[in-house]
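Trainee: Please take a close look at the strand pairing in this model, and go on from there to whatever belongs beside it. I would like the cut-offs stated as you use them.

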Amino acid sequence: MPPYRLPMYRERPATRCINFLCAVLLTMVLVAGIIMFVLWLSLRPHRPRFFLDDFTIPNLNRQSGAVNLPVRFTVDERNPNQKIGIHYDTIYGSVYYNDLLVASGPVYQPFYQQPKGDTPLLGELTASGPTPGDPAWQRFAGDAAAGSVALRLLLNSTVRFQVQMWDTREHHMKVDCEFSLRGDGTLQQGDKNKQCTLYF
């Protein structure tokens, strides 16, 4: 009795064509995914960095309080991205002594920061306190007399990243700078060029 042989299976031309097309499609999807991943890595926006360059409140230690004293500061904004610009809306500033608001208001108009750009943000506000009638005055005056007044500068704005002609959605940004002033209202040397904390 001759040995039994299994019938040879021949793949239909239509099936071969479908398999080939599926393989090509999967290869194209894989290549496209790799390209998109590489582009995302190269164009992923990095957050800007902020450094407190200077801060002064002249005559901070006067006995009549800080009301109406000029509050001047410079914060250096740096964009680390090589191909991504940053659009800033109006920047608002607030200065605090512990929880007491010392000054607040708009400090910088909307602007566009170019890639790898560096912009000094020059702000000026007018102090609204503290006064000798405030509960925190005795401690504030004591710190000024001791030569070290701890303050916080908060900057708030809305930003958008720009890649070529494409803009990202808006992000709310808060910059938090902690520092101390001498009794004469000038910035402590150790806080010059101190990096601020950035929140998105």
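Mentor: What follows begins with the chain as a whole, moves through the paired strands, and ends with the disulfide and a surface patch.

This is a predicted model, in which local features need pLDDT of at least 70 and side-chain atom pairs count only at pLDDT 80 or more, whereas totals for chains, interfaces and linings use all residues. Residues are numbered from 1 along each chain as its sequence is written, and side-chain values use heavy atoms, with hydrogens and water left out.

The chain has two helices and twelve strands, where helices (H or I, at least four residues) and strands (E, at least two) are DSSP runs numbered from the N terminus. Read from the N terminus, the elements follow the order α-β-β-β-β-β-β-β-α-β-β-β-β-β. Of its 200 residues, 36% count as buried; buried means under 20% relative accessible area, exposed over 50%, and partly exposed in between, with a 1.4 Å probe and protein chains only. Among contacts (heavy atoms within 4.5 Å) with a separation of 6 or more, 69% join residues 24 or more positions apart.

An open sheet is formed by four strands in the order S7-S2-S1-S11, with antiparallel pairing; two strands are said to pair if DSSP finds at least two bridges between them. Its edges are strand S7 (118-126) and strand S11 (194-195), each of which pairs on one side only. Strand S2 (residues 70-78) is joined to S7 in the antiparallel sense over nine bridges, and two of the partnerships show the register: Phe 73 has Gly 123 in S7 as its bridge partner, while Glu 77 has Thr 119.

In a regular strand the side chains alternate between the two faces of the sheet. Strand S7 shows such an alternation, since Thr 119, Leu 121, Gly 123 and Leu 125 point to one face and are buried, whereas Asp 118, Pro 120, Leu 122, Glu 124 and Thr 126 point to the other and are not. Both S7 partners named above, Gly 123 and Thr 119, thus belong to the buried set.

Thr 126 also leads to a loop residue, Val 67, which lies 59 residues away from Thr 126 in sequence and 7.7 Å away in space, C-alpha to C-alpha. Val 67 sits in the loop between strand S1 (49-56) and S2, and counts as partly exposed because its relative accessible area is 26%. Apart from neighbours within four places in sequence, Val 67 is in contact with Arg 62, Ala 127, Ser 128, Gly 129, Pro 130 and Thr 131.

Other antiparallel pairings involve strand S8 (residues 149-163), which is joined to strand S3 (residues 84-88) over five bridges; here His 87 stands opposite Arg 160. Strand S4 (residues 91-97) is likewise antiparallel to S8, with five bridges, and Tyr 96 has Arg 152 as its bridge partner in S8. Between S8 and S10 there are eleven bridges, again antiparallel, including the one that pairs Asn 156 with Lys 174 in S10.

Within S10 (residues 171-181) lies Ser 180, which counts as buried because its relative accessible area is 16%. Leaving out residues up to four places away in sequence, Ser 180 touches Ser 148, Val 149, Ala 150, Thr 186, Leu 187, Gln 188 and Asp 191.

Strand S10 also carries one end of a disulfide, the one found in a search of the whole structure; the term requires a pair of cysteine sulfur atoms within 2.5 Å. The sulfur atoms of Cys 177 and Cys 196 are 2.0 Å apart, and the link is right-handed, with 100° about the S-S bond. This pair links distant parts of the chain, 19 residues apart, with Cys 177 in S10 and Cys 196 in the loop between S11 and strand S12 (197-199). Cys 177 counts as buried because its relative accessibility is 1%, and Cys 196 is buried at 8%. Cys 22, by comparison, is partly exposed, with a relative accessible area of 42%.

Finally, the accessible surface of the chain comes to about 12600 Å², of which 57% belongs to carbon and sulfur atoms; such areas come from the Shrake-Rupley method with a 1.4 Å probe, and for residues only the protein chains shown count as cover. On that surface, Phe 20, Leu 21, Val 24 and Met 28 form a nonpolar patch with about 410 Å² of accessible area together. Patch residues have over 30% relative accessible area and no salt bridge, with like charges joined within 9 Å and nonpolar side chains (Val, Leu, Ile, Met, Phe, Trp, Tyr) within 5 Å; a salt bridge is a side-chain nitrogen of Lys or Arg within 4 Å of a carboxyl oxygen of Asp or Glu. Phe 20 lies in helix H1 (residues 13-43), and counts as exposed because its relative accessibility is 54%.
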